[in-house]
Amino acid sequence: MNRSPRDSDSGSIMNDHRRSPSHSLGSSGPFRKIYTGVTLFLILCAVAAIGYISAGWSVEDSLYRVIMTIFGVGYGEVRPIDSPGLRGLTIMLIMAGYAAVLYTVGGFMQMLIDGELNKALGARKMTKEIERLRDHTIVCGVGRMGSILARELSAAGKPFVVIDTDSLRIQDAQQRGYLVIQGDATEEHVLQQAGIKEASVVATVLSEDATNVFITITAREMNPEVMIIARGENPRTEKKLLGCGANKVVLPTAIGATKVAQLIVRPSAENLLAQIAQHSGVTEELGGIGLYFNELQVAAGSPLVDRPLGEIEVRSNHGFLIVGIRKVEGGTVMNPPVETVLSAGDLVIVLGHQDDIPQLTEKFSAKSKTMIYRGVAVPG
C-alpha cells in the first residue's frame, strides 16, 4: 500500500487565497544582513580597486590584488607595495573585507539556523498537541471536501488532525490553526502519528476511491472500534468500502443529485430543514416562545427500533411535533405518518418544548441516560 493519497480536487483550501511560503519565521533580519554585507563588500572592492588603479596599477592587477587580499590566498605580491598610501589601503582592505565577508556569512548562518530551529520547534509542538488528542477526528485529505469538513469541525470546536501529501495544502491548513501531518494516510506510521488508537472517527475524503479503500483497510486494522466515514466517487465503490470496514460511505455525486431533486420537487420542505440545520433565524424566533428544534438519533439499542413513530410518548403537558425523519439509508420524510417505522440510525427532527428534551432523549437512547445532540449533552 504505497499509493500516495493525492487529492486531485482543483478547489482546495488554497482557493480562498494563495500564500507564498515565507523563507523562515523572522527571516527579514538575516536577509537584511546578507543584503547589507554584499553591498558593503562590493563597495569596498570598488573603492580599493580604484585606489590601486590611481597608483598606476592596471585594472586586472587591481582586481586580482583586491580578491587575494580579502580572502587571504597569499600567492605573492602582484606588484610591490612600496608606498605608505598603498600599505594603508591594503590594511584597510584586509580589515574591512574580512568584516564584510563575516557579516554576510553570519546572515546566511542565521537564516539557516532560525529556519531549521523554528521548523523543528513547531513540528515538536504540533506532535505534542496531537499526542494529547482523545476522541478526535482524523481527516485524510484537504481538497475541496476535506477543507469544508475541517472548517466545520473547527467551527464546532471538535478536535481533529488533517493528513495530506501536498505541502502547499498542509502549509495553508497549518496557517489556519489546524493540527496537520504531511504524509501518506495509507501508511500505518502516519496514522499512528495522527493518534489512530485514540481517535473516534476517521474521515477519508480523497478523490481517488482506491486510496480511500486502502486507508479504510489500514485504519480498520489499527483500530477496530473507530468509526470510518469514507468518500466514494463511483457508486459501485460503496459496497467495497463497506466490505473493507467503513461504517458510512458518502457519495457526493448522489447527494448532489438528490439535493437538486428535492429543491425541484419539494423546495419548501428542504429549505426548512436547511434552515434548521444551520441554526438560522427560524430557531431563534421559536426559541423566544420556548420551542426548539432538536435532532435525535435512534440508537441501536433503543426500544424504538423497528417500532412505529406513534409509540413516541412524552409524559408532559407541552407536547411536541415531529417535523421530519432523515432515514439512515438516505432521503428525508417530511411530516411522517404515525405508522412510519423507525430504524437504528434514523434522525428524527422534533419541534418541542425545552422541558420535553430529556424525556425524548431517553426514548431515543439505548441504556445511557445521556444523549448528545448538536454537540450538547442532555441528562436523562
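**Chat notes on a predicted model**

Analyst: The protein chain has 12 helices and 12 strands. This is a predicted model.

User: How many residues, and what share counts as buried?

Analyst: The protein chain has 380 residues, and 40% of them count as buried. Its accessible surface is about 20900 Å², with 58% belonging to carbon and sulfur atoms.

User: And the contacts, what share join residues at least 24 apart?

Analyst: 63%, taken among contacts between residues at least 6 apart in sequence.

User: Switching to charges. How many salt bridges?

Analyst: The count comes to 4 salt bridges. One of them joins the side chains of Arg134 and Glu198, at 3.6 Å from N to O. Arg134 sits in the loop between H3 and strand S1 (137-140), and Glu198 in the loop between helix H6 (188-193) and strand S4 (201-204), so the pair ties together parts 64 residues apart in sequence.

User: Where do Arg134 and Glu198 fall, buried or exposed?

Analyst: In between. Arg134 is partly exposed at 46% relative accessible area, and Glu198 is partly exposed at 36%.

User: What about Arg231, which residue does its side chain meet?

Analyst: Glu233, in a salt bridge of 2.6 Å, N to O. Arg231 counts as buried, at 6% relative accessibility, while Glu233 counts as partly exposed, at 29%.

User: And Asp346, what does it pair with?

Analyst: Lys327, with the closest N and O atoms 2.7 Å apart. That salt bridge links distant parts of the chain: Asp346 is in the loop between strand S9 (332-334) and strand S10 (347-353), and Lys327 in the loop between strand S8 (320-326) and S9, 19 residues away. Both Asp346 and Lys327 are buried.

User: Now Asp164. Which side chain of opposite charge is nearest?

Analyst: Arg169, 4.0 Å away, but Asp164 has no salt bridge although it is buried. Asp164 lies in strand S2 (residues 160-164).

User: So what does the Asp164 side chain reach?

Analyst: The backbone nitrogen of Val142, at 2.9 Å. Beyond neighbours within four places in sequence, the contacts of Asp164 include Gly141, Gly143, Ile170, Ile181 and Gln182.

User: Last topic, the surface. Which residues form a nonpolar patch?

Analyst: Ile91, Ile94, Met95, Tyr98 and Leu102, with about 520 Å² of accessible area together.

User: Where does Ile91 lie?

Analyst: In helix H3 (residues 84-131). Ile91 is partly exposed, with a relative accessible area of 49%.

User: How far is Ile91 from Thr69?

Analyst: They are 9.1 Å apart, C-alpha to C-alpha, and 22 residues apart in sequence.

Methods: Residues are numbered from 1 along each chain as its sequence is written. This is a predicted model: local features need pLDDT of at least 70, side-chain atom pairs count only at pLDDT 80 or more; totals for chains, interfaces and linings use all residues. Side-chain values use heavy atoms; hydrogens and water are left out. Patches are made of residues with over 30% relative accessible area and no salt bridge: like charges are joined within 9 Å, nonpolar side chains (Val, Leu, Ile, Met, Phe, Trp, Tyr) within 5 Å. Accessible areas come from the Shrake-Rupley method with a 1.4 Å probe; for residues, only the protein chains shown count as cover. Helices (H or I, at least four residues) and strands (E, at least two) are DSSP runs, numbered from the N terminus. Buried means under 20% relative accessible area, exposed over 50%, partly exposed in between (1.4 Å probe, protein chains only). Lys and Arg count as positive and Asp and Glu as negative; His and the chain ends are not counted. A polar contact is a pair of N or O atoms within 3.5 Å; within protein, one must be able to donate a hydrogen and the other to accept it, and residues adjacent in sequence count only if both atoms are side-chain atoms. Contact means heavy atoms within 4.5 Å.
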